[in-house]
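User: Please take a close look at one part of this model and follow its surroundings outward. Which details stand out there?

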Amino acid sequence: MTRSTHDPVRLGIIGLGTQGGTYARFVADGRVPGMTVGAVADTDPAKAERAAAEFGDVPFFTDHLAMMDSGTVDAVITCVPHYLHPQMGVEAIERGIHVLVEKPAGVHALQVRRLNAVAAAHPGVTFGVMFNQRSNPLYRRLKEIVEAGEIGRIIRSNWIITTWWRPQGYYEQSAWRATWGGEGGGVLVNQAPHQLDLWQWICGVPRSVFAKVSYGLQRDIAVEDEVTVLADFGEGSTGVFVTAVHDLVGTDRLEIQGDAGKIVVEGSKVATVTRLAEPEREISAGMSAEQVAGLFRGQFDPSQLYTTETIEFPSEWGGQHVAVLANFAAAVRGEEDLIAPGAEGLLGVRLANAVHLSSWTGQEVGLDFDEALYLELLNERIADEALFPQRQGDE
């Protein structure tokens, strides 16, 4: 039977874990317009009972390929370990099935490039990535402000995002967690991909990075748990990105300094936008000696040279994920453009790879780095893990 573009998109959930179960629940509860749960696939046959209890007579498969070939789904979302995202994305696209890959799009740039190439060869298939923060109205508004030139040319950006506190027990839940072979990294590929994406989405793609990274600094893990990155965006623009999993209190603060204003975001909830009356250099050049003297004596108030706006939007738990799912369904139906096109998933993976490579080599690394070399060094770390006993736990 031929399906109409007006029919609901039947979504196949690959992996009925925490994330997959959450997405399935959003769709089943009717929170995602134009989408229904078409089927569920999980390698654990015991989850068939859970699927039946929560989603009724939705078909259940222990093989995701069998689900793709069953005719029960129009699209899939990959809620599986990171290494599998590109592979499953390719398998779906080659079958003409639309795909929304969970973040990150993959572990290393080479595998994501292959996924992108297959997607480009099948332009009729909708290919997205779950960058839910791109649907956050706060960051969408800030991107508009930057692109409109309201704070001028970006000189510097700083993001401290350490609200990822994870106790040791978190890593001991599963044998694949926080391993090179299981996840392909630590905080950069598990917790912080959304911020790496937003940083580039709003401020532009860096030309190069120099990184200081600690592996197993505060946690008994092989991968990174503390990261400091200095990025060069070109034309004198720099950026610093700091993230970690051992800050119990945690900080989430983004500053974007332009030559005509500034943006400060606290907690990804409230932004303060300062717009200068003129570009800063013109203000500097135009100040008289008398005004300068008054400035140092506290007799000249610089606040008369700028305006300040506070931006805040209400937020609903899960609302941003729902927005990406709804946008994806609308894109499949030809009604909207994607908020997060799948091809852009490469940017965050490539940046995380460059950070790792810089820390491994002790050198500044361009974003045009040797991706084959990165994979070679990654495989060395995966091989080293085999020398030690694997942690016990459920996959």
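Analyst: A residue is called buried under 20% relative accessible area, exposed over 50% and partly exposed in between, with a 1.4 Å probe and protein chains only. This is a predicted model, in which local features need pLDDT of at least 70, side-chain atom pairs count only at pLDDT 80 or more, and totals for chains, interfaces and linings use all residues. Residues are numbered from 1 along each chain as its sequence is written, and side-chain values use heavy atoms, leaving out hydrogens and water.

The part chosen here is N116, in helix 5 (residues 109-120); helices are DSSP runs of H or I with at least four residues, strands runs of E with at least two, numbered from the N terminus. N116 counts as buried because its relative accessibility is 14%. Leaving aside residues up to four places away in sequence, N116 touches F127, G342, A343 and L346, a contact being heavy atoms within 4.5 Å.

F127 leads to the sheet, since strand 6 covers 127-129. The sheet is open, with six strands in the order 3-2-1-4-5-6 and parallel pairing; strands pair if DSSP finds at least two bridges between them. Strand 6 is an edge strand, as is strand 3 (60-61), each pairing on one side only. Strand 5 (residues 98-101) runs parallel to strand 6 and is joined to it by three bridges. V129 in strand 6 is the bridge partner of V101. Helix 4 (residues 84-94) lies across strand 1 (9-14), strand 4 (75-78), strand 5 and strand 6. Its direction is at about 170° to strand 5, taken between N-to-C axes fitted to C-alpha atoms, for helices over the stretch in contact, on a scale from 0 to 180 degrees.

L346, another contact of N116, leads to helix 12 (345-361). Helix 12 supplies five residues to the lining of the largest cavity, the largest share, and helix 8 (193-203) supplies at least two. A cavity is a set of points on a 1 Å grid over the protein atoms alone where a 1.4 Å probe fits but cannot get out, and lining residues have an atom within 4 Å of a point. The largest cavity has a volume of about 90 Å³, the space filled by probe spheres set on points joined across faces, edges and corners. Its lining has 14 residues, and P104, P193, G348, V349 and A352 are the closest to its centre. There are three cavities of 30 Å³ or more.

Note on methods
1 Å grid on protein atoms, 1.4 Å probe; cavity = no way out; pocket = protein on both sides within 12 Å on 5 of 7 lines; lining within 4 Å.
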